[in-house]
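Colleague: I have a few questions about helix packing and charged pairs. Can you bring the model up?

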Amino acid sequence: MRYWDSVARRYVEHDTTAQETFGPLEEHTIRPLDLEAEVRSGRMTVNRARRLIGLDPFPSNDNLRTVADATKRKGDTLQTFSARLFWPLDARQDEVHIEDVAHSLSLQCRFAGHCKQFYSVAEHSVLIANWIWWHGPAADALCGLLHDATEAYLVDMPRPVKRSLPEYQRHEAALWKVIAARFGLPEVMPDVVHEADNRIIGDELVNMRPMAWHAKHNDPLGVELQFWSPEQAEDAFLKTYVMLQKMGVAG
């Protein structure tokens, strides 16, 4: 019933899908700071104020701060899986949530989708974390699991494209620092993660049609792709994170 109420409201009023998904648009004339006094006085609810500026209602664990912050932050917002707002270009530690990372990466296919079978970034990350746990410093396993966490908010960019986009690389580096701080990880990615991320390509080539360039990836990790569904990959990602928590690796 809630879904159809939403559809009816959009039909009768106007379609606000873009605003509700990606946050406030530049042409909004009502500013969050104009409404803050109304909210604090009790004359208006937080969610009413948010609707007036084109934002979705808060999940129960959010607070008034984001209403006032909405026009202070850099860039626009995106809505995460857990129904939170996220500023990819102006992220904060407390806005990074492991369930959002797991869900997003489970739905993104490696190699821009040019595979024989669906193979997610989440599965790729779990395989690397498990390999590092057994073959590298165990303390770096969480870095292995989260080494592509920025892609949950900036999407998986193919390497040839990423190399030609310095601004993307700058935003990615800044976001990694936020994610690293959130989970107690080093700002500089450990060498073992870079090694695993490069060597695993040799294992992943089984999922691609043969070409000459494959020959240079002749030192694979020796892991076996499982081709998990998005649901399985998300579950494995979260279970790996919990396991690392229990082992005292994850914060």
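Modeller: Here it is, a predicted model. One cut-off first: buried means under 20% relative accessible area, exposed over 50%, and partly exposed lies in between.

Colleague: Arg 73: buried or exposed?

Modeller: Buried means under 20% relative accessible area. Arg 73 has 7% relative accessibility, so Arg 73 counts as buried.

Colleague: Which side chain meets Arg 73 in a salt bridge at 3.4 Å, N to O?

Modeller: The partner sits in the loop between β2 (85–86) and α6, while Arg 73 lies in the loop between α5 (65–69) and β1 (78–79). The two are 17 residues apart. At 25% relative accessibility the partner counts as partly exposed. It is Asp 90.

Colleague: Which residues are linked with Arg 73 in a network of salt bridges?

Modeller: The structure holds 10 salt bridges. The network with Arg 73 is made up of Asp 90 and Glu 95.

Colleague: How far apart are the closest N and O atoms of Arg 84 and Glu 99?

Modeller: Arg 84 is in the loop between β1 and β2, and Glu 99 is in helix α6. Arg 84 counts as buried at 12% relative accessibility. Glu 99 counts as partly exposed at 27%. Their closest N and O atoms are 3.2 Å apart.

Colleague: What separates Glu 167 and Arg 170 along helix α11?

Modeller: The two form a salt bridge, with closest N and O atoms 3.6 Å apart. They are 3 residues apart in α11 (residues 166–183), so the separation is about one helical turn.

Colleague: How many residues of α7 are buried?

Modeller: Helix α7 spans residues 121–135. Its buried residues include Trp 131 and Ile 132, and the buried residues pack against helices including α12 (191–204) and α13 (230–246). The helix is mostly covered, and the buried count is 11 of its 15 residues.

Key
Residues numbered from 1 in each chain as written. Predicted model: local features only at pLDDT ≥ 70, side-chain atom pairs only at ≥ 80, totals over all residues. Heavy atoms only, no water. Helix = DSSP H or I, 4+ residues; strand = E, 2+ residues; numbered from the N terminus. Expected span 1.5 Å × (residues − 1). Buried < 20%, exposed > 50% of the residue type's maximum accessible area, 1.4 Å probe, protein only. Contact = heavy atoms within 4.5 Å. Salt bridge = Lys/Arg side-chain N within 4 Å of Asp/Glu carboxyl O.
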